[in-house]
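User: I have a model open and want to go through its fold. Can we take it question by question?

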Amino acid sequence: THQRQDFSAFLEHDRSIGADGIATTSSPMTPLMQFMENLGGIQDTYYLLADHPAEMQACLELMLARNQETFQLIVQGPEEVVITYEDTSSTILSPAVYRKFCAPVLDEYANICHAAGKLFLTHMCGKLSAFNAQLKAGLQDGIESVCPPTTGDIWAYEARAAWGDEKL
């Protein structure tokens, strides 16, 4: 059966916010973060990556394909901003793991949003200074919830200096 898109709830929420803010749409995380946060937990995800790399790669690729479909649907909506709640932190990811599994996917998500004229933000509330080079190079328009110590490890002015003025 064919389902019709219905944006009435979003539009009503947007109207209720009015000039006081902007309504946004949430989107899927990267497959690795989805796996860590929702499926396997941090420890088991790393064990599976080490012990079953081919199977994990296939699983993450399948998850990515579904996420790409989801993003294509999301950007058809009326929102101006799409946010993925990535919860990135060097307490659970090394820069190498982020570079391999997260950065290219986030750039792909950003490209989908940008092609539709949308801004793409990533929620990253953890310890981020280890990722400064990747975040500066990333295609996301901004990082939402930059946290100073002790939740995070970078102040907003330090993030601006490290990531550049083009990041929101």
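The questions and answers below go through helices, strands, core and backbone of this predicted model.

User: At which residue does helix 2 bend?

Analyst: Helix 2 covers residues 31-51, which is 21 residues. A straight helix at 1.5 Å a residue would reach 30 Å, yet the end C-alpha atoms of helix 2 are only 18 Å apart. The axis turns by about 110°, and the bend sits at Gly40.

User: Which helices do the buried residues of helix 2 pack against?

Analyst: The buried residues of helix 2 include Pro31, Leu32, Met33, Gln34, Phe35 and Met36. Gly40, Thr45 and Leu49 are also among them. Their packing partners are helix 3 (53-74) and helix 4 (95-115).

User: Is strand 3 largely enclosed or open, and how many of its residues are buried?

Analyst: Strand 3 spans residues 119-123. It is largely enclosed by the rest of the structure, because the buried residues number four of the five.

User: Which residue of strand 3 is the bridge partner of Tyr85?

Analyst: Strand 2 (residues 81-85) and strand 3 run parallel. Five bridges join them. In strand 3, Tyr85 has as its bridge partner His123.

User: What is the handedness of the unit made by strand 2, helix 4 and strand 3?

Analyst: Strand 2 and strand 3 are parallel. Together with helix 4 they make a β-α-β unit. The handedness of this unit is right-handed.

User: Which residue of strand 4 stands opposite Thr122?

Analyst: Strand 3 also pairs with strand 4 (residues 142-144). These two run parallel, with three bridges between them. Opposite Thr122 stands Ile143.

User: Through which helix does the chain cross from strand 3 to strand 4?

Analyst: The path from strand 3 to strand 4 is a β-α-β crossover. This crossover is right-handed. The helix on the way is helix 5 (residues 132-137).

User: Is Thr88 buried or exposed?

Analyst: Thr88 sits in the loop between strand 2 and helix 4. Beyond four places in sequence, its contacts include Met33, Leu93, Tyr98, His123 and Phe131. The cut-off for buried is under 20% relative accessible area. Thr88 has a relative accessibility of 0%, so it counts as buried.

User: Which helix gives the most residues to the largest nonpolar core?

Analyst: Nonpolar side chains tend to be buried together in soluble globular proteins. The largest nonpolar core here has 36 residues. Helix 2, helix 3, helix 4 and helix 6 (156-163) each supply at least two residues of this core. With 11 residues, the one that gives the most is helix 4.

User: Which residues have the most contacts inside that core, and what does Leu93 touch?

Analyst: The residues with the most contacts inside the core are Leu32, Leu93, Tyr98, Phe120, Leu128 and Leu135. Setting aside residues up to four places away in sequence, Leu93 touches Leu32, Met33, Met36, Tyr46, Thr88, Tyr98, Cys102 and Phe131.

User: Is Thr25 buried or exposed?

Analyst: Thr25 belongs to strand 1 (residues 25-27). Outside four places in sequence, it is in contact with Phe10, Ile74, Glu79, Val81, Val82 and Ile83. A residue is buried under 20% relative accessible area. Thr25 has 17%, so it is buried.

User: How many Å apart in space are Asp14 and Gln43?

Analyst: Asp14 lies in helix 1 (residues 8-17). It is partly exposed, with a relative accessible area of 32%. Asp14 and Gln43 are 29 residues apart in sequence. C-alpha to C-alpha, their separation in space is 39 Å.

User: Where is the cis peptide bond?

Analyst: Most peptide bonds are trans. One bond in this model is cis, with omega near 15°. Thr150, in the loop between strand 4 and helix 6, is part of it. The bond runs from Pro149 to Thr150.

User: What is phi of Asp87, and what is phi of Ser145?

Analyst: Most residues other than glycine have a negative phi. Asp87 is in the loop between strand 2 and helix 4, and Ser145 is in the loop between strand 4 and helix 6. Asp87 is partly exposed at 26% relative accessible area, and Ser145 is partly exposed at 26%. Phi is positive in both: near 55° for Asp87 and about 75° for Ser145.

Conventions: Residues numbered from 1 in each chain as written. Predicted model: local features only at pLDDT ≥ 70, side-chain atom pairs only at ≥ 80, totals over all residues. Heavy atoms only, no water. Expected span 1.5 Å × (residues − 1). Bend = angle between axes of the 7 residues up to and from the residue. Buried < 20%, exposed > 50% of the residue type's maximum accessible area, 1.4 Å probe, protein only. Contact = heavy atoms within 4.5 Å. Pairing = 2+ DSSP bridges. Right-handed = clockwise from strand over helix to strand, strands pointing away. Core = buried A, V, L, I, M, F, W, Y, C linked by side-chain atoms within 4.5 Å.
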